[in-house]
Protein chains: 2
Amino acid sequence: MSKGVLGTNVVAQVGIIVKDIEKTSQAYADFFGVEKPPANPTDPLDKAQTNYKGDPTEARAKLAFFDMGSLQLELIEPDEHPSTWREFLDTHGEGVHHIAFVVKDMKATVAKMESRNMPLVQKGEYTGGRYAYMDTFNELKVILELLENDN
Amino acid sequence: MSKGVLGTNVVAQVGIIVKDIEKTSQAYADFFGVEKPPANPTDPLDKAQTNYKGDPTEARAKLAFFDMGSLQLELIEPDEHPSTWREFLDTHGEGVHHIAFVVKDMKATVAKMESRNMPLVQKGEYTGGRYAYMDTFNELKVILELLENDN
């Protein structure tokens, strides 16, 4: 447990934006000699309560996860609706979008980061928890994702 | 130990290209509540034998490492000479450049990857080992770095 802003320095996920999740997921499976995982869509707005830059958004993404040692590699195929995923794809093209950390108190951590000029960009719920993407690009040259799990 | 091309799926490093390593390193140290590590230059050409796209290059970079759980986060500030680091900065700007894996037989792994249309982009020596950047971007949407350590 670190004394830093997050209370942790353990990278839980590396998130990569892709255009064609089936194709890239197959390439990872072939390369690392593992089963191709399912590419599951994020929940719709009413369930995920997805919020991007302060407004609700219909945006969803297909996600596929690979276990890579102690962390997960997450492939993300955005849809056309406004999201941090779509914005990254339109601006940068495919590539690494974020690194993720599991935090204990999402609300307090978001507040602490916002007070350091690292604004919340997007948040949403998933079964068993919630996520928040923080705009840390200016300072850390990568977006940080916070994950809070209920158990 | 996976049966994939690398014989491993454990991410050893995440490498981030930055313009000002002192500034970004300080931001990471402040954020994660750790000491700012030194930013050390890679070795000069005669020692590092740096080779970029088949030719020797004078390119060097300043590197700073942060321990983040089981992996290292590596900040890389390229100089002006031709390198995969410089090319990334000129093309994409700052951001995540590669993920790295420790392999047991560098030569065989490079050969295996080249036969899969994942060419060697840059290689070099460091004290105690050597590295190779492989162009896996088309397939995996990120550059892979191979690390081979002597012990």
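**View 1. Val34(B) in the loop between H1 and strand S2 (40-41) of chain B.** Helices (H or I, at least four residues) and strands (E, at least two) are DSSP runs, numbered from the N terminus. This is a predicted model, in which local features need pLDDT of at least 70, side-chain atom pairs count only at pLDDT 80 or more, and totals for chains, interfaces and linings use all residues. Residues are numbered from 1 along each chain as its sequence is written, chains are lettered from A and ligands numbered from 1 in the order in which they are written, and side-chain values use heavy atoms, with hydrogens and water left out. Val34(B) counts as partly exposed, at 35% relative accessibility; on this scale buried means under 20% relative accessible area, exposed over 50%, and partly exposed in between (1.4 Å probe, protein chains only). Setting aside neighbours within four places in sequence, Val34(B) is in contact with Lys3(A), Ala29(B) and Phe66(B), where contact means heavy atoms within 4.5 Å. Measure out the path to Val14(B) on your screen and you will find 20 residues in sequence and 18 Å in space, C-alpha to C-alpha.

**View 2. The contact between chain B and chain A takes 41 residues from chain B and 41 residues from chain A.** The two chains bury about 3100 Å² between them, with carbon and sulfur atoms giving 67% of that area. Buried area here is the accessible area (1.4 Å probe) that two parts lose on being put together, summed over both. Look for Phe31(B), Phe32(B) and Lys141(B): they supply 23% of the area that chain B buries against chain A, more than any other three residues.

**View 3. Polar links across the interface of chain B and chain A, with 2 salt bridges found by the rule.** A salt bridge is a side-chain nitrogen of Lys or Arg within 4 Å of a carboxyl oxygen of Asp or Glu. In one between these chains, Lys141(A) pairs with Glu94(B), and the closest N and O atoms are 3.1 Å apart. Between chain B and chain A there are also 11 residue pairs in polar contact (both at pLDDT 80 or more). A polar contact is a pair of N or O atoms within 3.5 Å; within protein, one must be able to donate a hydrogen and the other to accept it, and residues adjacent in sequence count only if both atoms are side-chain atoms. Elements giving two or more residues to the side of chain B that touches chain A include strand S1 (13-17), helix H1 (21-32) and helix H5 (137-140) of chain B. H1(B) gives the most to that side, with 6 residues. The residues of this side of chain B divide into 24 nonpolar, 10 polar and 7 charged; Ala, Val, Leu, Ile, Met, Phe, Trp, Tyr, Cys and Pro count as nonpolar, Asp, Glu, Lys and Arg as charged, and the others, Gly among them, as polar.

**View 4. The axis that relates the two chains.** A turn of 180° and a shift of 0.0 Å along the axis lay chain B on chain A with an RMSD of 0.0 Å. That is the relation of a two-fold axis. Copies are superposed by least squares on the C-alpha atoms of residues with pLDDT of at least 70 in both. In chain B, Val96(B) has the C-alpha nearest the axis, 3.0 Å from it. The same surface serves both copies, as 100% of the contact residues of chain B recur in chain A.

**View 5. Glu77(B) in strand S6 of chain B.** Glu77(B) is buried, at a relative accessible area of 17%. Its side chain reaches the backbone nitrogen of Ile21(B) at 2.8 Å. Beyond residues up to four places away in sequence, Glu77(B) touches several others, among them Val18(B), Asp20(B) and Arg60(B).

**View 6. Glu148(B) in strand S10 (residues 143-149) of chain B.** Here is another buried residue, Glu148(B), at 15% relative accessibility. A polar atom of its side chain lies 3.0 Å from the backbone nitrogen of Met106(B). The side chains of Glu148(B) and Arg130(B) are joined by a polar contact of 2.9 Å.

**View 7. A salt bridge between Lys36(A) and Glu22(A), with the closest N and O atoms 2.5 Å apart.** Lys36(A) lies in the loop between helix H1 (21-32) and strand S2 (40-41) of chain A and Glu22(A) in helix H1, so the pair ties together parts 14 residues apart in sequence.
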